[in-house]
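Student: Could you take me through one part of this model closely? I would like to see how a single stretch of chain sits among its surroundings.

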Amino acid sequence: MSNFEWPVRVYYEDTDAGGVVFYANYLAFFERARTEWLRSIELDATELRSAHSVLFVVRHVEVDYLAPAMLDDALRIVTRIAEVGGSKVVFEQSAWRGEHCLVHGKVVTVCVSTETFTATRLPEAVRTTITRDIA
């Protein structure tokens, strides 16, 4: 997949007592970017549930914090698919301020059935949609 970018502004609620983005909020920024990426390929969470009876859930996260973001910073969250398996989709995501990477992470998501909440294979239509522009 080509890189998908989503802008994020750092608000007061995103920061800790020192005025620095609270570390866990990067996961929320990453989640928001993955959600908007799904929308951009016309495969949002509502459609996954209603048309395919599946959802994506986070199974594993690795994050490297390289530099802090501060109140009112304009960030861009860069998302790309690193791997697509039978039921998993692995994303590489990063938060950038200008040309500086502040945070880099790997997020492993798993496709689960909405009935059992157990892992299930990606429906073929979903797989086709999410892999259509992987290089």
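Tutor: What follows starts with the whole chain, then looks closely at two neighbouring positions in one strand, and then moves to the next strand and the loop after it.

The model is a predicted one. The protein contains 3 helices and 5 strands, and their order from the N terminus is β-α-α-β-β-β-β-α. The C-alpha trace extends about 45 × 30 × 25 Å along its principal axes. The radius of gyration is 16 Å, which agrees with the value near 14 Å for a compact globule of 135 residues. Of the 135 residues, 39% are buried. If contacts are limited to residues at least 6 apart in sequence, 65% of them join residues at least 24 apart. The accessible surface is about 7,600 Å², and 51% of that surface belongs to carbon and sulfur atoms. As for charge, there are 14 positive and 19 negative side chains, and the centres of these two sets are 5 Å apart.

Now the close look. The part to examine is strand β4, which covers residues 88-97. Gln93 is in this strand, and Ser94 is in β4 too.

Take Gln93 to begin with. Its relative accessibility is 0%, so Gln93 counts as buried, the cut-off being under 20%. Leaving out residues up to four places away in sequence, Gln93 touches Phe30, Ala33, Arg34, Ile77, Val78, Thr79, Val103, His104, Gly105 and Val107. Some of these contacts can be placed on the strands. Strand β3 spans 74-84, and Gln93 touches Ile77, Val78 and Thr79. Strand β5 spans 100-113, and the partners of Gln93 include Val103, His104, Gly105 and Val107.

The side chain of Gln93 also has polar partners. One is the side chain of Arg34, joined to Gln93 by a polar contact of 2.8 Å. Another is the side chain of Thr79, where the polar contact with the Gln93 side chain is 2.9 Å. Arg34 and Thr79 also appear in the list of residues that Gln93 touches. For a sense of scale, the C-alpha atoms of Gln93 and Tyr65 are 12 Å apart in space, with their positions 28 residues apart in sequence.

Next comes Ser94. Ser94 is buried, because its relative accessible area is 7% and buried means under 20%. Again leaving out residues up to four places away in sequence, Ser94 touches Phe30, Arg76, Ile77, Val78, Cys101, Val103 and His104. Compare this with the list for Gln93, which includes Phe30, Ile77, Val78, Val103 and His104; those residues are among the contacts of Ser94 as well. Ser94 has a polar contact of its own: its side chain meets the side chain of Trp96 at 2.7 Å.

Follow the chain on into β5. Ser113 is in this strand, and β5 covers residues 100-113. Ser113 counts as buried, because its relative accessibility of 17% is under 20%. A polar atom of the Ser113 side chain lies 3.1 Å from the backbone nitrogen of Glu115. Apart from residues up to four places away in sequence, Ser113 touches Ser53, Thr118 and Thr120. Ser53 comes just after helix α2 and has a positive phi of about 55 degrees. At the N-terminal end of α2, which covers residues 45-52, Asp44 acts as a cap: one of its side-chain oxygens is 3.1 Å from the backbone nitrogen of Thr46.

After β5 the chain enters the loop that leads to α3 (124-131), and Phe117 lies in this loop. Phe117 is not a glycine, yet its phi is positive, at about 55 degrees. Most residues other than glycine have a negative phi. Asp72 is another non-glycine residue with a positive phi, near 75 degrees, and Asp72 sits in the loop between β2 (54-65) and β3 (74-84).

Ala119 is also found in the loop between β5 and α3. With a relative accessible area of 53%, Ala119 is exposed, because exposed means over 50%. Ala119 still has contacts beyond four places in sequence: Ser87, Val110, Cys111 and Val112. The C-alpha atoms of Ala119 and Phe56 are separated by 9.3 Å, although the two residues are 63 apart along the chain.

To return to the part you asked about: in β4, Gln93 is buried at 0% and Ser94 is buried at 7%.

Terms used. Residues are numbered from 1 along each chain as its sequence is written. This is a predicted model: local features need pLDDT of at least 70, side-chain atom pairs count only at pLDDT 80 or more; totals for chains, interfaces and linings use all residues. Side-chain values use heavy atoms; hydrogens and water are left out. Helices (H or I, at least four residues) and strands (E, at least two) are DSSP runs, numbered from the N terminus. Buried means under 20% relative accessible area, exposed over 50%, partly exposed in between (1.4 Å probe, protein chains only). A polar contact is a pair of N or O atoms within 3.5 Å; within protein, one must be able to donate a hydrogen and the other to accept it, and residues adjacent in sequence count only if both atoms are side-chain atoms. Contact means heavy atoms within 4.5 Å. The radius of gyration is taken over C-alpha atoms; the globule rule is 2.2 Å times the number of residues to the power 0.38. Accessible areas come from the Shrake-Rupley method with a 1.4 Å probe; for residues, only the protein chains shown count as cover. Lys and Arg count as positive and Asp and Glu as negative; His and the chain ends are not counted. The place of a charge is taken as NZ of Lys, CZ of Arg, CG of Asp or CD of Glu.
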